[in-house]
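Visitor: Please show me the molecule, and let me ask how its descriptions are justified.

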Amino acid sequence: MSIEIPQLPKGTRDFYPEAQRIQNYIFDTWRKTAEEFAYEEYEGPMFEHLELYTGKSGEEIVSQLYNFVDKGDRAIALRPEMTPTLARLVIQKARELKKPFKWFSMPRLFRYEKAQKGRLREFFQLNMDIIGTESIYAEADLMAAIATMLRKFGLKDGDFAIGVSSRKLLATYLEEIGAPNPALVYPVLDRRLKIGPEAFAKALADAGLSEEQVAKLDAFMSCKSIEEVQASVHSEAATAALAEIQDLFATLAAAGYGECVNLDLSIVRGLAYYTGIVFEVFDKGKSMRAIAGGGRYDSLTEKLGGDRIPGVGFGMGDVVLADLLREHGLLPNPKQSVDFYIASFTNDMKKIFEAAQLFRGASVNGKSASVSHPLAAMKMGKQLDQANYQGAKIVVYVDGDKAQAGEFEYKDLRDGTMHVGNIEAIKAAL
Ligand code: HAM
């Protein structure tokens, strides 16, 4: 009788050590940048009560939920995004938390999406958020962190762009042209470029907009500069929203990020809770899905039953980012590498374990040295094969006859040369 081999669920990934090494490189760079910008790390559960998302996150994400009823008859959902969990954390300690504060997290998320390039059913997402301020410099801080992070990964300013838009600006424009309920219109506007002009016009007509209103909106969303927008908006609120964007761009330019941001009013974002600036990060040719997306959500805590506490932040997924880095040849070598491989001519396992312990305690570049050794008696040729396979830099022989007490014979595998020295000299040779 044949047994079927279990299959990997659609839209999920296995991380064999080589793939995990690349994941860790991404996680390390995310964490390092977030910490450099003084964000503090937090976490939450991987599943929440379903109602945390329904009615708050927007239809699209709710239709993509992985949800189930648990044994206690509770409606549960695997988290599709981190922002509602963050809002819950903030509400629970609203009084104690000293605002504003900057937090980051690197959650594993789940969305029942059609698995395709750049979109999986399980992925990781860096979240950076600033809670408790309405200042536009919070947006500036987040965008500076995004640009710094992408530069750290080796991308050039020309390789990516942070497109910035504003729901405040869009809302005032919708009001100016007399369009109905923005909440109904946003999801359509978000799909404008994906669905094409005809379907766009039809969906807006269904939402109650006239042909003239659709044409005006289309022209507005195509504006590429602040000057162009200025010519088409007249209200005080719109002028204020534009001034905010101008201030944001000037601040980022002063810090050397001027080339990384641009106005892009075609960005609306699918999530329902955004209230102000919204932004998305794309590769320069926009040939891939968004690398990151975020925005300001000043009333989410209120929608969830808490006080009104403003927030702004973004999520950057690991999938599109890794695709982009791979395309630019910027992913690290996925092969294993160890500092020392401890070998023995006489298969003296006790001496091997003793020396391995000594070298493991050694610090190399501030990190504990990585050390490997044979796990069973084997010929020297086999030991060297293993050392090479594991990417060892130096092979240390525990019983070389040229070594005095406190010294070891060692071979530098990078150039094949043999030497004798004590542990300090061997460390220095790395
Ligand atoms: P989002 O636009 O839904 O925003 O996701 C942000 C990023 O997560 C996307 O640009 C993409 O890189 C990645 N992503 C989303 N869905 C998938 C998927 N199915 N597979 C792979 N990657 C994906 C949010 O999630 C907001 N909660 C972000 C936020 C934080 N806003 C404020 N703070």
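Guide: This is a predicted model. Let us begin with one pair of residues: Ala 75, in β4, is the bridge partner of Val 69.

Visitor: What makes β3 and β4 a pair of strands?

Guide: Two strands pair if at least two bridges are found between them. β3 and β4 (residues 75-78) have 3 bridges, in the antiparallel sense, so the requirement of at least two is met.

Visitor: Why are β2 and β3 said to stand at the edges?

Guide: The open sheet has 3 strands in the order β2-β4-β3, with antiparallel pairing. β2 (47-49) and β3 (67-69) each have a single partner strand, so one side of each lacks a neighbour in the sheet. On average, neighbouring strands here are turned by 30 degrees against each other, direction ignored.

Visitor: How do you know that the length of α1 agrees with what is expected of a helix?

Guide: Helix α1 (residues 17-36) has 20 residues. Its span from first C-alpha to last is 28 Å, close to the 28 Å expected at 1.5 Å a residue.

Visitor: Why are certain residues of α1 called buried, and where do they lie?

Guide: Buried means under 20% relative accessible area. In α1 this applies to Ile 22, Gln 23, Ile 26, Phe 27, Thr 29, Trp 30, Thr 33 and Ala 34. These residues cover an arc of only 160 degrees around the axis, which places them on the same side of α1. Their cover includes β5 (101-105), β7 (122-131) and α4 (136-152), among others.

Visitor: Which residues are exposed on the other side of α1?

Guide: Pro 17, Lys 32 and Glu 36 are exposed there; the term requires over 50% relative accessible area.

How values were computed:
Residues numbered from 1 in each chain as written. Predicted model: local features only at pLDDT ≥ 70, side-chain atom pairs only at ≥ 80, totals over all residues. Heavy atoms only, no water. Helix = DSSP H or I, 4+ residues; strand = E, 2+ residues; numbered from the N terminus. Expected span 1.5 Å × (residues − 1). Buried < 20%, exposed > 50% of the residue type's maximum accessible area, 1.4 Å probe, protein only. Arc of directions from axis to C-beta. Contact = heavy atoms within 4.5 Å. Axes fitted to C-alpha atoms, helices over the stretch in contact; angles between N-to-C directions.
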